[in-house]
Amino acid sequence: MDSTRIDAGLVRSLLHAQHPDLAGLGLRPVEGGWDNQLWRLGDELAVRMPRTERAPDLLRKEHRWLPVLAPGLPLPVPTPLRTGEPSALFPAVWTVAKWVPGEPADRVPVTEGHRAADTLAGFLRALHQGAPAGAPANPTRGVPLAPFANDAEKQLQALASRVPAGVRDVWEDAVSAPGWTGPPVWLHGDLHPANVVVADGTLAGVLDFGELCAGDPATDLSAAWLLLPAGSASRFFEAYADADAATIRRARGWAVLRGLGLVAIGQAWERGLPGGKRTWGPAGRATLERVLADT
């Protein structure tokens with residue numbers, strides 16, 4: 001999908017055509033986003049415009065499920081409020097959602113470790129409820145780690161100069177841990193620093209539920225190392241209070257997998273390659289260091 005076609009004039013025209021009561025609100029682009037380009041609309045709303053081929057399906061999934069889950073969550077989330085349908089102006093679905101105030105954690109990191117650990121644990125306890133039979137599946141979230149072994153090995157080799165010694169041992173231990181035997185629970189699926197916002201040193205909101213799915217909670221529990229300052233993981237798992245030793249081992253593996261991915265995306269930025277993100281490399285390296293310090 002050609003993101004160069006998305007500018008303020010187009011977004012304003014779409015609002016006039018489909019949601020004219022919102023068309024007079026202030027509009028400005030917001031840096032960030034992966035599948036979707038974000039625009040601030042007034043003080044309380046955001047417009048999300050898809051810029052990848054898969055993005056429209058992710059937006060429809062959010063529109064179906066996030067309004068169901070949001071009332072039970074203790075942190076603000078970008079609940080979809082309006083849908084923009086494909087038209088002659090723009091060929092894909094788009095949405096108007098609640099604006100979640102705060103600064104992305106890849107730019108303004110969490111500093112209040114204990115407060116953030118308790119906040120994150122409370123959020124995930126609320127989210128990790130048994131999911132219904134019709135909940136979306138995801139081939140790369142909430143599933144066993146073993147199928148990712150080849151990809152992880154390639155990244156470990158490619159990023160060897162940037163990855164602390166010992167990361168492979170953590171990964172191999174996680175892959176060998178007993179698997180999840182409980183019922184599938186709701187998962188955010190993509191808890192990394194660019195998908196949460198921070199205010200006053202702690203977590204203030206959770207963004208981008210495009211990977212929302214059901215499965216093994218270890219995927220989300222990796223956020224103990226992806227989001228929280230060093231030394232906060234034990235406080236988090238104590239507050240979460242529902243993760244056995246095997247689940248924590250698998251969560252470390254997910255943290256390694258996601259950390260390697262962030263480092264690779266940071267490296268792409270350094271090389272001027274498409275899809276690179278300046279702030280993601282440092283976030284990935286910090287994740288790997290925290291995992292190692294906590295084993």
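Two strands are taken to pair if DSSP finds at least two bridges between them. In the predicted model described here, strand 2 (residues 36-41) and strand 3 (residues 45-50) meet this criterion, pairing in the antiparallel sense over six bridges. Within this pair, Asn36 stands opposite Pro50 of strand 3. Strands 2 and 3 belong to an open sheet of five strands, arranged in the order 1-2-3-5-4 with antiparallel pairing. The edges of the sheet are formed by strand 1 (27-30) and strand 4 (80-84), each of which pairs on one side only. On average, neighbouring strands of the sheet are turned by 25° against each other, direction ignored. Helix 2 packs on this sheet and touches strand 2, strand 3, strand 4 and strand 5 (94-98). The direction of helix 2 makes about 140° with that of strand 4.

At the level of the whole chain, the protein has ten helices and ten strands. For its 295 residues, a compact globule would have a radius of gyration near 19 Å, and the value for the protein is 19 Å, which agrees. The C-alpha trace spans about 55 × 40 × 35 Å along the principal axes. Of the 295 residues, 53% are buried. The accessible surface amounts to about 12800 Å², and carbon and sulfur atoms account for 53% of that surface. Among contacts between residues at least 6 apart in sequence, 71% join residues at least 24 apart.

Helix 3 was examined for its length and its packing. The helix comprises 15 residues (residues 113-127), which at 1.5 Å a residue should span 21 Å; the end C-alpha atoms are 21 Å apart, in agreement with this expectation. The expected span is 1.5 Å times one less than the number of residues. The buried residues of helix 3 are Gly113, Ala116, Ala117, Leu120, Ala121, Gly122, Phe123, Leu124 and Leu127. These buried residues pack against both helices and strands. The helical partners are helix 2 (55-69), helix 6 (218-221), helix 7 (223-226) and helix 8 (233-240), while the strand partners are strand 7 (185-187) and strand 9 (202-206). Helix 2 therefore takes part in two sets of contacts, packing on the five-stranded sheet and meeting the buried residues of helix 3, where contact means heavy atoms within 4.5 Å.

The loop between helix 8 and helix 9 (245-270) contains Ala243, and Ala241 is found in the loop between these helices as well. Ala241 has a positive phi of about 65° although it is not a glycine. With a relative accessible area of 61%, Ala241 is exposed, because the cut-off for that class is over 50%. Ala243 has a relative accessible area of 22% and is partly exposed. Leaving aside neighbours within four places in sequence, Ala243 is in contact with Leu221, Phe237 and Ile248. Ala243 and Leu145 are 98 residues apart in sequence, and their C-alpha atoms are 17 Å apart in space.

A positive phi also occurs at Asp200, where the angle is about 55° although the residue is not a glycine. Asp200 lies in the loop between strand 8 (196-199) and strand 9. The relative accessibility of Asp200 is 70%, so this residue counts as exposed.

Methods. Residues are numbered from 1 along each chain as its sequence is written. This is a predicted model: local features need pLDDT of at least 70, side-chain atom pairs count only at pLDDT 80 or more; totals for chains, interfaces and linings use all residues. Side-chain values use heavy atoms; hydrogens and water are left out. Helices (H or I, at least four residues) and strands (E, at least two) are DSSP runs, numbered from the N terminus. Buried means under 20% relative accessible area, exposed over 50%, partly exposed in between (1.4 Å probe, protein chains only). Axes are lines fitted to C-alpha atoms, for helices over the stretch in contact, and angles run from 0 to 180 degrees between N-to-C directions. The radius of gyration is taken over C-alpha atoms; the globule rule is 2.2 Å times the number of residues to the power 0.38. Accessible areas come from the Shrake-Rupley method with a 1.4 Å probe; for residues, only the protein chains shown count as cover.
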